[in-house]
Amino acid sequence: MNAPLNIAMPAEAAAAPKSYRLLIGGRFIDAQDGRTLERSSPGHGFTVSRYAQAGAADVEAAVQAAHKAFDTGPWPHMKAAERATILLKAADLIEARLDEIARLDALESGKPIAQARGEIGGAVDIWRYAAALARTLHGESYANLGDAMLGVVLREPIGVVSIITPWNFPFLIVSQKLPFALAAGCTAMVKPSEMTSASTFVLGEILMQAGLPDGVVNILAGLGADVGAPMVSHPLVEMVSFTGSTRVGKMTMASAANSLKKVAMELGGKNGQIVFPDADLEAAADAAVSGGFFNAGECCNAGSRLIVHEAIADEFLGAVKALTAKVVVGDPLDDRTKVGAMISADHVAKVTGYVTAAENGGGRICSGGNQLASSAGQYLDPTIVRDVTEDMAIAREEVFGPVLSVLTFESIERALHIANNTPYGLSAGVWSASIDTCMSVARNVRSGTVWVNTFMEGYPELPFGGYKQSGLGRELGKRAVEDYTEEKTIQFHRGQRTGWWVG
Ligand code: NAD
């Protein structure tokens with residue numbers, strides 16, 4: 001029996017919780033009915049933040065502010081170079097406050113602080129990439145329609161955009177959406193998760209400081225039903241960019257369909273890493289462990305299914321198990337931590353429920369499997385379950401915890417069948433020294449990203465998104481700004497127009 005994890009209380013525990021107010025029309029204000037929402041640090045158990053809790057009246061005020069900023073404000077009419085300058089200034093200010101923002105995300109989500117710093121650094125890079133794209137956005141011209149006609153296709157900002165984000169990568173995910181919407185000339189309402197809103201409010205401060213005109217970005221903390229739902233159904237909103245669960249994503253799409261809004265959906269995943277006997281097994285074992293347990297498995301991209309050739313299953317699992325034993329679980333604010341706290345007690349129960357059900361169905365736990373005793377907060381032991389079969393819930397559903405399910409195969413056809421046998425299609429990995437094997441898997445797996453002899457890397461240049469029920473549309477990549485535009489066709493006629501219909 002291991003000693004309970006000793007979680008040190010940070011300085012914040014002795015201070016009053018940090019307070020955040022809604023950003024509407026360029027001002028930080030309380031909710032109209034004065035309600036507030038508190039967030040407790042899942043790693044430490046003290047109240048870390050208090051946000052103004054928006055309701056229907058605040059959503060209405062934010063939509064009106066965003067609509068006014070779009071309709072009569074300078075933002076959509078500025079030169080792209082001017083918008084890019086503000087985005088670049090924002091990137092510099094994020095970088096200057098990187099440690100502070102990372103600490104807020106670590107305290108509110110329970111993620112390890114060193115990882116959080118990496119995420120904020122990644123976000124800075126994305127803001128800079130979006131600024132560059134602002135200046136390359138352009139339409140098309142058609143001079144091949146005869147001498148009397150010139151066709152011009154404009155890319156115009158789509159209008160007011162609602163951006164709704166989850167709790168697992170609070171600052172990174174808003175940074176995959178907002179800078180591109182702004183680069184296009186849109187105005188926005190942003191709703192972070194009710195559990196991790198602090199860093200998005202800091203972003204609001206940064207954007208105002210960077211010179212963003214009032215009302216261009218409005219930030220609302222609050223619950224999905226009170227705030228997210230009206231942000232989706234409001235008739236003045238033209239587009240919804242949502243990242244979260246497939247369940248809420250489907251509800252969001254259905255609601256958006258009533259007013260035929262454009263939607264972009266980044267949803268859940270059940271990603272498999274396929275390991276062949278000729279792979280670099282040391283590298284693959286490392287990726288199996290990081291893929292399964294990064295962000296405590298609370299990751300859409302988690303490599304939650306390890307699909308390993310039966311000829312090497314025992315040897316490979318031995319290596320994975322040995323590496324898992326070295327994973328440091330504990331205080332999110334400790335620089336050595338790799339797996340921090342779970343987001344909530346309810347979520348711990350959900351994750352452990354999947355493990356118990358798998359065990360009852362014939363799965364064998366070969367590592368972890370338990371909640372760890374700790375002086376504060378909630379922590380799960382990285383868990384490996386073998387003898388998992390395709391019909392088990394743990395093999396099909398998004399567990400969203402530090403749980404690796406192991407399935408075996410004997411042929412490439414079976415490996416592909418297992419990999420594709422899920423309603424999701426976000427990402428996949430393949431490990432083999434054979435280019436033929438890698439290419440066969442990469443071409444036949446139904447997922448938006450396939451990593452070949454690597455896992456979970458990301459670059460602003462590369463589009464990211466899901467097949468099947470993992471989403472709709474792509475984020476990042478060179479077309480990321482175009483997503484937030486409408487196309488307008490203009491036909492210029494030159495010279496005398498001769499009537500052709502009634503003569
Ligand atoms: P969630 O769906 O519960 O919540 C996401 C957001 O939607 C939150 O801000 C929430 O308040 C809001 N919301 C809830 N009900 C709503 C409603 N009726 N209308 C509008 N908005 C509403 O997801 P979560 O638990 O915060 O995040 C975890 C999920 O996000 C996982 O499924 C994960 O895979 C997914 N995710 C996907 C990606 C990706 O890029 N594909 C990235 C990160 C997370």
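A residue counts as near the ligand if one of its heavy atoms lies within 4 Å of it. Keep that in mind as you explore this predicted model.

**Exercise 1. Find which residues surround the ligand, and sort them by character.**

Step 1. Using that cut-off, 27 residues surround the ligand. The closest are Thr165, Glu194, Ser245, Leu267 and Glu398.

Step 2. Now sort the shell: 14 of its residues are nonpolar, 9 are polar and 4 are charged.

Step 3. Next, look at where they come from. Helix H8 (224-233), strand S11 (239-243) and helix H9 (246-257) each supply at least two residues. H8 gives the largest share, 3 residues.

Step 4. Zoom out to the domains. Domain 1 (11-267 + 470-488) and domain 2 (272-452) both contribute to the shell, so the ligand lies between them.

**Exercise 2. Track down polar atoms of the protein that face the ligand, then say how much of the ligand is covered.**

Step 1. Start with a side chain: an N or O atom of Glu194 is 2.7 Å from an oxygen atom of the ligand.

Step 2. Turn to the backbone. A polar atom of Gly244 sits 3.3 Å from a ligand oxygen, and an N or O atom of Ala229 is 3.5 Å from a ligand nitrogen.

Step 3. Taken alone, the ligand exposes 850 Å², and the protein buries 89% of that.

**Exercise 3. Check the length of helix H7 (residues 198-209), and decide whether it is enclosed or open.**

Step 1. At 1.5 Å a residue, the 12 residues of H7 should span 16 Å. The end C-alpha atoms are 17 Å apart, which agrees.

Step 2. Of these 12 residues, 10 are buried, so H7 is largely enclosed by the rest of the structure. Among them are Phe201, Leu203 and Met208.

Step 3. After H7 comes Gly211, with a positive phi near 105°.

Technical notes: Residues are numbered from 1 along each chain as its sequence is written. This is a predicted model: local features need pLDDT of at least 70, side-chain atom pairs count only at pLDDT 80 or more; totals for chains, interfaces and linings use all residues. Side-chain values use heavy atoms; hydrogens and water are left out. A polar contact is a pair of N or O atoms within 3.5 Å; within protein, one must be able to donate a hydrogen and the other to accept it, and residues adjacent in sequence count only if both atoms are side-chain atoms. Accessible areas come from the Shrake-Rupley method with a 1.4 Å probe; for residues, only the protein chains shown count as cover. Helices (H or I, at least four residues) and strands (E, at least two) are DSSP runs, numbered from the N terminus. Ala, Val, Leu, Ile, Met, Phe, Trp, Tyr, Cys and Pro count as nonpolar, Asp, Glu, Lys and Arg as charged, and the others, Gly among them, as polar. Domain bounds come from an automatic or database domain assignment. The expected span of a helix is 1.5 Å times one less than its number of residues. Buried means under 20% relative accessible area, exposed over 50%, partly exposed in between (1.4 Å probe, protein chains only).
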